[in-house]
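Work through the exercises below with the sequence and the model open. Try each task before reading its solution.

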Amino acid sequence: MYAPTALEKTVTIQTLRKMKAAGEKFITVALYDAPMAAMAQKTGVEAVLIGDSLGMTVLGYESTIPVTMEQMIYHVEAVARGNRKSLILGDMPFMTYATPEQALTNATRIMQAGAHMVKIEGGAWLAETVRMLTDRGIPVCAHLGLTPQSVHKLGGFRVQGRDEETAGEILDDAAALDEAGADLLVLECVPAALAKRITESVAMPTIGIGAGPHTDAQVLVINDILGLTEQPPKFSKNFLIEAGDIPGALSKYAADVKNGVFPDDAHTFN
Ligand code: KIV
């Protein structure tokens, strides 16, 4: 059984690729400040994401759409100060990567704030952007399924890829982004069987949230892990209840993912 310990070595994209090849799950947490980032390092969390979910979890907005570059940079800098070992992913906010050139300008700023990789939401239309960034040395994490920046286009925060047609579209998008050179792929709120097919078909490691147990990694938002969310999504879990304190909650989440206990059926869309 896995018991979390502090990261000894710096985690790189090569570390995560090796873990995928070895079938070893890695842990990701979306968090926003230096103390939590430091705790993640102590708990052995391989990747931390400064998600634009901070619009809702920290800033009190109803969606991620109002989040600005300045807000993202402020939080990326804080997390980078608190954590020297995990791989740091920084979200690019709404409409900051609508063209490849705009993406390059804004991704540069996120990287200069301390991120090791940027995350962008969307499918095959982003292939040119992924090439533009990765060719110039900026690693990219793609994000498919429920893409919260498109909440109004999707008609709400709902599970994606439930029927053959939309599942096929997500599979094609994943293939296009993989081919374009994306380094990681977040799959949010998709049926477990679809996430499994994608994980098996792409070279890049996949990170699931509400995507079942078969992805190469899991990510949860720290507020959900700590029970701070008023109406938590079905796929999230409050680990603080069982653990009793904050370091314990983070350790329990990490151990449950590594040991294949989380996500279980109750936290999966089938
Ligand atoms: O913004 C965020 O925190 C995210 C995760 C939920 C994957 O995109």
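The exercises go from one helix to the ligand site, then to aromatic rings, a buried serine and backbone geometry.

This is a predicted model, in which local features need pLDDT of at least 70, side-chain atom pairs count only at pLDDT 80 or more, and totals for chains, interfaces and linings use all residues. Residues are numbered from 1 along each chain as its sequence is written, and side-chain values use heavy atoms, with hydrogens and water left out.

**Exercise 1. The faces of a helix**

Task: Find the buried residues of helix H9 and say how they are arranged around its axis.

Solution:
- Start with the terms. Helices (H or I, at least four residues) and strands (E, at least two) are DSSP runs, numbered from the N terminus. Buried means under 20% relative accessible area, exposed over 50%, and partly exposed in between (1.4 Å probe, protein chains only).
- H9 spans residues 192–201, and its buried residues are Ala192, Leu194, Ala195, Ile198 and Thr199.
- Viewed down the axis of H9, these buried residues fall within an arc of 160°, so they line one face of the helix. The arc is taken from the directions that run from the helix axis to the C-beta atoms.
- The background is simple: an α-helix has 3.6 residues a turn, so residues three or four places apart point the same way.
- Now turn to the other side of H9. Ala193 and Glu200 are exposed there.
- Next, the partners. The buried residues of H9 pack against helices H1 (13–22) and H8 (164–180), and against strands E6 (184–188) and E7 (206–209). Contact here means heavy atoms within 4.5 Å.
- Take Ile198 as the example. Its relative accessibility is 0%, so Ile198 counts as buried. Beyond residues up to four places away in sequence, Ile198 touches Ile170, Leu171, Ala174, Leu185, Leu187 and Thr206.

**Exercise 2. The ligand and Asp91**

Task: List the residues that surround the ligand, then follow Asp91.

Solution:
- The surrounding residues are Ala30, Leu49, Gly51, Asp52, Ser53, Asp91, Lys119, His143, Val186 and Ile209. The cut-off is a heavy atom within 4 Å of the ligand.
- Look for polar contacts: pairs of N or O atoms within 3.5 Å; within protein, one must be able to donate a hydrogen and the other to accept it, and residues adjacent in sequence count only if both atoms are side-chain atoms.
- The side chain of Asp52 has an N or O atom 3.2 Å from an oxygen atom of the ligand. For a polar side-chain atom of Ser53, the distance to a ligand oxygen is 2.5 Å. For Lys119 it is 2.9 Å.
- Asp91 belongs to strand E3. Its relative accessible area is 2%, so Asp91 is buried.
- The side chains of Asp91 and Lys119 make a polar contact (2.9 Å).
- Asp91 also has contacts outside its neighbours within four places in sequence, among them Leu49, Gly51, Asp52 and Met72.

**Exercise 3. Rings**

Task: How many aromatic pairs does the whole structure hold, and what is the geometry of Tyr253 and Phe262?

Solution:
- The search finds three pairs. Rings of Phe, Tyr and Trp (its six-membered ring) pair if their centres lie within 6.5 Å; planes under 30 degrees apart count as stacked, over 60 as edge-to-face and the rest as tilted.
- The centres of Tyr253 and Phe262 are 6.3 Å apart and the planes stand at 75°, so this pair is edge-to-face.
- Both are buried: Tyr253 at 0% relative accessibility, Phe262 at 6%.
- Phe239 joins Tyr253 and Phe262 in one aromatic cluster.

**Exercise 4. A loop serine**

Task: Is Ser236 buried or exposed, and what does Ser236 contact?

Solution:
- Ser236 sits in the loop between helix H10 (222–225) and helix H11 (240–243).
- With a relative accessible area of 8%, Ser236 is buried.
- A polar atom of its side chain lies 3.1 Å from the backbone oxygen of Pro233.
- Beyond neighbours within four places in sequence, Ser236 contacts Leu220, Asp224 and His267.

**Exercise 5. Backbone geometry**

Task: Inspect omega at Pro263 and phi at Met95 and Cys189.

Solution:
- Recall the norm: most residues other than glycine have a negative phi, and most peptide bonds are trans.
- The Phe262 to Pro263 bond is cis, with omega near 0°. Pro263 lies in the segment after helix H12 (246–258).
- Met95 has a positive phi, near 60°, in the loop between strand E3 (87–91) and helix H5 (100–112).
- Cys189 has a positive phi, near 50°, in the loop between E6 and H9. Cys189 is buried, at 5% relative accessibility.
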